Amino acid sequence: MGGAADNASSGSSFLSDKSAKIFIAGHRGLVGSAIVRKLQQLGFTNLLLRSHSELDLTRQSDVESFFANEKPRFAILAAAKVGGIHANNTYPADFIAINLQIQTNVIDSAYRHGVQKLLFLGSSCIYPKFAPQPIPEDALLTGPLEPTNEWYAVAKIAGIKMCQAYRIQHNWNAISGMPTNLYGPNDNFHPENSHVLPALMRRFHEAKVNGAKEVVVWGSGSPLREFLHVDDLADAVAFLMEEYSDLGHVNVGSGKEVSIKELAELVKEVVGFEGDLVWDKSKPDGTPRKLMDSSKLAELGWNPRISLRDGLVDTYKWYVQNVQQ
Ligand SMILES: NC(=O)C1=CN([C@@H]2O[C@H](COP(=O)(O)OP(=O)(O)OC[C@H]3O[C@@H](n4cnc5c(N)ncnc54)[C@H](OP(=O)(O)O)[C@@H]3O)[C@@H](O)[C@H]2O)C=CC1
Ligand SMILES: C[C@H]1O[C@H](OP(=O)(O)OP(=O)(O)OC[C@H]2O[C@@H](n3cnc4c(=O)[nH]c(N)nc43)[C@H](O)[C@@H]2O)[C@@H](O)[C@@H](O)C1=O
């Protein structure tokens, strides 16, 4: 089968045809739902969406049939097995196998069935545990990974390499964006398996409602993390679909880092919990520092807009209206 074509650099503009059929894989998740909101705001009218129960992306023949029948012009891959430090550390087989399956099926079928351009999403955990800070794109594969998420990272690195290989061999327009830690509406607020920001928002909220005196926070509080609101990420995705068609992956960060202790104090304040923090040092800290160098994206012309405080206020409002019992 021939595949899409042949024309990695000169495909027509993403933004110029608002009736183009665009497959957003994972449209009910944190990232996929933000991309849907963004594309709808931009006026796109032909979004192709399938829930996990309608199309299991780990099933190769189902994915192949789906692309053969639907023939989307663009594909954005925001479906993945995702979780925080505890989930990554507890289910290594799921994190490597499911992610390799989903991304291999989607990338290969998209190529075979004429998708003009595909965007793959990785994560800042692809970089070595002790990468130089801020982390430039070329730090990839220069040192050992952080053990709590190496299985997920290996799958994501394979996704980047698959996009590059299809571009090199087939001249196919597949690009990769590497977001930093994200948060916002439709996040996963599971008490153990989620990322730190939604986990703390839920824990502080429940403590406030129940009149608890203390909230437990994992680790030492010293690790540094960079957070980006998912609406900024969705804006960057639309930007990259329009402006970027090249081999190298692109970091997408806010450029601002906070310690987990500072984050916990900020979430506590936004939620309005007035008790104390207790640190559970039996839980892993993970990577000590993870700030990406997003200057490549800035030089292309994109910058984030939403501050952490504003994003937290917005996310807590959404949480109270949509999640809490
Ligand atoms: N959240 C973050 O902080 C970061 C996320 N990213 C990346 O962004 C992307 C999206 O993450 P995020 O939105 O947070 O994750 P979510 O868990 O919120 O969403 C993932 C989506 O993928 C779908 N999905 C999972 N497995 C399958 C499957 N077998 N078949 C079909 N659909 C499936 C899920 O559906 P269902 O829920 O029904 O299973 C869900 O809609 C991922 O690639 C992730 O690596 C990168 C950096 C940071
Ligand atoms: C996006 C990224 O997400 C994961 O990496 P991570 O950045 O380490 O993610 P995290 O949000 O789970 O933790 C950040 C820090 O916060 C501390 N922490 C405190 N209290 C809670 C807490 O209650 N829950 C969680 N999850 N962490 C907590 C926690 O101990 C750690 O020091 C990767 O596995 C990988 O999947 C990936 O790509």
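How far is a polar side-chain atom of Lys290 from an oxygen atom of ligand 2? Keep that in mind as you go through these close-ups of a predicted model.

**View 1. Polar contacts around ligand 2.** The opening question has a short reply: the Lys290 side chain puts a polar atom 3.0 Å from an oxygen atom of ligand 2. The protein covers 98% of the 700 Å² of accessible area that this ligand has on its own. Backbone atoms join in as well. An N or O atom in the backbone of Ile85 sits 2.7 Å from an oxygen atom of ligand 2. For Asp285, a backbone N or O atom is 2.6 Å from an oxygen atom of the ligand.

**View 2. Who makes up the shell of ligand 2.** Count the residues around ligand 2 and you get 22, with Ile85, Ser123, Arg203, Pro284 and Asp285 coming nearest. Sorted by class, this shell holds 10 nonpolar, 8 polar and 4 charged residues. Helix α6 gives the largest share of the shell, 3 residues.

**View 3. Ligand 1 and its polar partners.** Now move over to ligand 1. Which part of Asp56 comes within 2.9 Å of a nitrogen atom of ligand 1, side chain or backbone? Here it's the side chain, through an N or O atom. Two backbone contacts can be picked out too: a polar backbone atom of Ala80 is 3.4 Å from an oxygen atom of ligand 1, and a polar backbone atom of Leu121 is also 3.4 Å from an oxygen atom of this ligand. Taken alone, ligand 1 exposes 890 Å², and the protein buries 84% of that. Looking at secondary structure, the elements giving two or more residues to the shell are α1 (30-41), α5 (150-170) and β6 (181-183).

**View 4. The neighbours of ligand 1.** This view takes in the whole set of surrounding residues. There are 25 of them around ligand 1, and the closest are Val31, His52, Leu57, Tyr152 and Lys156. By class, the shell splits into 13 nonpolar, 9 polar and 3 charged residues.

**View 5. Two cysteines with no bond between them.** How many disulfides does the structure hold? The count is 0. Zoom in on Cys125 to see why: the closest cysteine sulfur, in Cys163, is 16 Å from its own sulfur, too far for a bond. Turn to Cys163 and the story is told from the other end, with the sulfur of Cys125 as the closest one, 16 Å away and again too far for a bond. As for their surroundings, Cys125 counts as buried at 5% relative accessibility, and Cys163 counts as buried at 1%.

**View 6. Asn99 tucked into helix α4.** Look for Asn99 in helix α4, which spans residues 92-112. Is Asn99 buried or exposed? With a relative accessible area of 1%, Asn99 is buried. Its side chain still has polar company: a polar atom there lies 2.8 Å from the backbone nitrogen of Lys81. The backbone oxygen of Phe95 likewise lies 2.8 Å from a polar atom of the Asn99 side chain.

**View 7. The annotated domain.** An unreviewed UniProt entry carries the annotation "domain: NAD-dependent epimerase/dehydratase" for residues 22-253. Across residues 22-253, the chain is 43% helix and 17% strand. The C-alpha atoms at the two ends of this stretch are 25 Å apart.

Definitions and conventions
Residues numbered from 1 in each chain as written. Chains lettered and ligands numbered in written order. Predicted model: local features only at pLDDT ≥ 70, side-chain atom pairs only at ≥ 80, totals over all residues. Heavy atoms only, no water. Near = heavy atom within 4 Å. Polar contact = N/O pair within 3.5 Å; in protein donor to acceptor, adjacent residues only side chain to side chain. Areas by Shrake-Rupley, 256 points an atom, 1.4 Å probe, with all protein chains shown as cover. Helix = DSSP H or I, 4+ residues; strand = E, 2+ residues; numbered from the N terminus. Nonpolar A, V, L, I, M, F, W, Y, C, P; charged D, E, K, R; others polar. Disulfide = S-S within 2.5 Å. Buried < 20%, exposed > 50% of the residue type's maximum accessible area, 1.4 Å probe, protein only. UniProt positions renumbered as here; feature names shortened; annotations may be inferred.
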